[in-house]
Structures are given as C-alpha cells and as structure tokens.
Amino acid sequence: MTSKRKREEEAMGVGEIVWQTPANPPQRSDYIFHNGRRHVRPYYFEFIAHVKNRWAGKTIVDLFAEEFKGRPYEYYVDAVKCGRIQVDGEMVPVSYIVKSSQKISHFLHRHEPPVMAWGVKILKEEAEVLTVCKPASVPVHPCGQYRKNTVVGILEAEHGLAPLFPIHRLDRLVSGLLILARNASKADLFRQQIESGLVKKQYIARVVGEFPEEEQVVDVNINYNAREGKSTAEMVDSSMDTPTKGKAAQTKFTRISFDGVHSIVLCEPITGRTHQIRVHLQYTGYPIANDALYLTKEASGRSVEKTTADRAAAISTCSPACDIQEDCVNARKENWSEDFRIDPMCTNCPNLAPKGYDGEEEGLWLHCVQYSGPGWIYECPYPEWASL
C-alpha cells in the first residue's frame, strides 16, 4: 500500500487494512452462520484486470463507470483519488488515460453472497481422490462473486484439504456427487476419460406430473444464451439447410416413482451441455418441479417472476475488477457491526450480503447420484426430496 493511500484511509477512519489475494487460504473463522445461511465475513481484496484494447484511450474513471456499472460514478472518482483504484501499482489522477495491457487494481471491501448452511459432506477420502456430497446453492470453485463460499474453499477452511482439482462441474443450485482429484495428474486422467466418452453419469430429478413409465430418450440440440444465462431446446429439421445454433445433446430418462403430483426420474445425460437435463425435461413437458427458470406458470401453478438465483445471475452485470451485480432486489439490512468492520467507501455495507441477494433461494430438485468409468464407480445418497 502506498503511504499516500494509507494516510487517506486512516483519515477516513478505516485504519490499517490487510489486503487479501487468491493466495490467502480461507479460514474457519471467515464464516458466519445466520438464519440457515452460511455467510462470509467481508474482507479486503485486490481485484486485478488488464486494459483491453477497446478500453484504451478512456480515462480511468470513465472506464470503470462505463464498463462496471454496479457502482455510481462518484464512487469511482473517490476510489481513484484515494488510491482504491490504481494503474500498474501507482496512484493516478482521475483524468489519467489508460493504455492497452496496463494492470488495473481495484482494492475493495468484498462481500460474498450467502449460501445454504449445509456442510460439505465427505463421502470417500482416498490417496488421489476425494468425493463429497455438494450442497445446493454452493458453487464448486471460485467464480464471479464467490471465492470462500465455494466447495473448494469450505473444504480447505474446515478440513485443511488443498489443493483439490474438481474433475466435473455441478451447477450452483444442483446438489450431489462431486469428484475432486488430489493432484493434477489424476485430474488429467479423469478428464481424458470424460472427453473420450468413457464416463457415465446419473442424476435424479423431481418433476411436475406423471412421467411416462417407458424409457424416454431426448435427442434435441441445446442452444445456450450466455447473456440471458439460459438454454433452449432446438429441433433440427433435416429437410432445411438453415444452420443450427445449438449443440447436439442427448439424455435418457427413466421414471422411478410417482406420488400423484410429482415423479422422481433417473436422468442419464450422454452429452454435457449447459442446463441440459433441465431443458430436456422442460422439452418433454415434465420440468423440474421447483425450477423457476424453466417452469411455465401453467406447469408450476405459481408465478415464476420472483427473482431466483438463476434469474439474478442472468440479469446482472459482473465486473472482473469490482465484482458487482446490479438490477436485482435489495438485500435486507441487518446490524452486523460486531461481525465485521464497516468500510466507509463500501457500497454494500452495512449489509452482510452484497446487493442482489434476498436470502430466499432454494436448492434445485436435481441431484447427482453416480459417476462411473473404467474400473471405478462413485455414488452419493439420495436427498430427502426424492422420497415420495
């Protein structure tokens, strides 16, 4: 920290700040449990980005105001003046014109979104492989606004397990089996088997209605829209020459049980497209019963306009440098002054959670139960919602 920035922060009442980087491992004391949610005690962090060609020629303040719209213009002016935003490790004036490839640092008070308070249950611990039951709402590894509130972060903080290499991905709202290699060479072996089509996957889902008794195979392309954070099914018409945007996708479904309202369905994805199981179930007319992103009002019997975690992620703008989301519901204000230092420049304080999270999300009724490959098989118990 430059002496000038240190003096200005002390004048603001912030005092000595210890800035964290990805090299700082999560600690057990970083977590706060409240109302069934696992929160992360806010901490100071340096976000780094490099000036893209299209950013070059802009002033440092205009760059942030135009590219990272989650904070007001005045915040960026103040952040540059006090050294919370630097270029190549140096303080610059608000009129400074950035150049391509320069390093931009944004030092800020980081608030991570809460996740459900369930623990990450270790299923099997081997010399080279660790399997766990991933809770819904917890991302697998650091991404977006999440760093410590991740499966990898929690396992390191609570069990001292590091490094870990996830060999497959589960969406944040999906629960179930997660396989993590304990060294890079083992991870590469798993990935080679997956890419070669040697690994079989099984999930279970709770869907709306009476799913057909006979096995269903859905062979419909998946088209993922990154801007909307949503996929759609795309039928291929062999009689037409129009190119398709989607990627080939195939899933096999088998009904396990039916209680008169919902069915439990075994889902075996042959390919691995974004939201593939969710979209293919929607396509069959039997969407996952609590999937607000892919349910219709008619199927759910309730409005799906409420902001869910999926929808909030889809409509927000995340900044790699300032890590802010916008256009979401306001977080509840609570008094957390005893649990973390309130930062006078932070636009999330005094809330514990960042803006955009109402703390009411629920886990998706989709659960990974088994992965198997050449000479190995790993399984995870069924969740409570699978008992009809």
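## Worked exercises on a predicted model

In this predicted model, the buried residues of helix α2 pack against α3 (73-81), β4 (85-87) and β5 (103-110). Let's start there.

**Exercise 1.** Work out which residues of helix α2 (residues 60-67) are buried, and how they are placed around the axis.

*Solution.*
- Step 1: Pick the residues of α2 with under 20% relative accessible area, the cut-off for buried. That gives you I60, V61, L63, F64 and E67.
- Step 2: Check their directions around the axis. They cover an arc of only 160 degrees, so they sit on the same side of α2.
- Step 3: Look for what these buried residues pack against. You'll find a helix, α3, along with the strands β4 and β5.

**Exercise 2.** Describe the surroundings of K252: find its secondary-structure element, its exposure and its contacts beyond the neighbours within four places in sequence.

*Solution.*
- Step 1: Locate the residue. K252 belongs to strand β15, which runs over residues 250-258.
- Step 2: Classify its exposure. Buried stops under 20% and exposed begins over 50%, so K252, at 26% relative accessibility, counts as partly exposed.
- Step 3: Drop the neighbours within four places and list the remaining contacts. K252 touches E215, Q216 and V217, and also L266, C267 and E268.
- Step 4: Try a C-alpha distance as well. K252 and P269 lie 17 residues apart along the chain, yet 6.3 Å separates their C-alpha atoms.

**Exercise 3.** Two backbone spots deserve a look at phi: D88 and S137. Decide for each whether it is buried, partly exposed or exposed.

*Solution.*
- Step 1: Recall the background. Most residues other than glycine have a negative phi.
- Step 2: Read off the angles. D88 is not a glycine, but its phi is positive, at about 50 degrees. S137 isn't one either, and its phi is near 85 degrees.
- Step 3: Place them. D88 is in the loop between β4 and β5, while S137 is in the loop between β8 (129-134) and α4.
- Step 4: Compare exposure. D88 has a relative accessible area of 44%, so it is partly exposed. S137 comes out at 0%, so it is buried.

**Exercise 4.** Find where P163 and P350 sit, and give the state of the peptide bond leading into each.

*Solution.*
- Step 1: Keep in mind that most peptide bonds are trans.
- Step 2: Take A162 to P163. This bond is cis, with omega near -5 degrees, and P163 is in the loop between α4 (151-159) and β9 (165-166).
- Step 3: Take C349 to P350. That bond is cis too, with omega near 5 degrees, and P350 is in the loop between α8 (309-315) and β17 (366-373).

Definitions and conventions:
Residues are numbered from 1 along each chain as its sequence is written. This is a predicted model: local features need pLDDT of at least 70, side-chain atom pairs count only at pLDDT 80 or more; totals for chains, interfaces and linings use all residues. Side-chain values use heavy atoms; hydrogens and water are left out. Buried means under 20% relative accessible area, exposed over 50%, partly exposed in between (1.4 Å probe, protein chains only). Helices (H or I, at least four residues) and strands (E, at least two) are DSSP runs, numbered from the N terminus. The arc is that of the directions from the helix axis to the C-beta atoms. Contact means heavy atoms within 4.5 Å.
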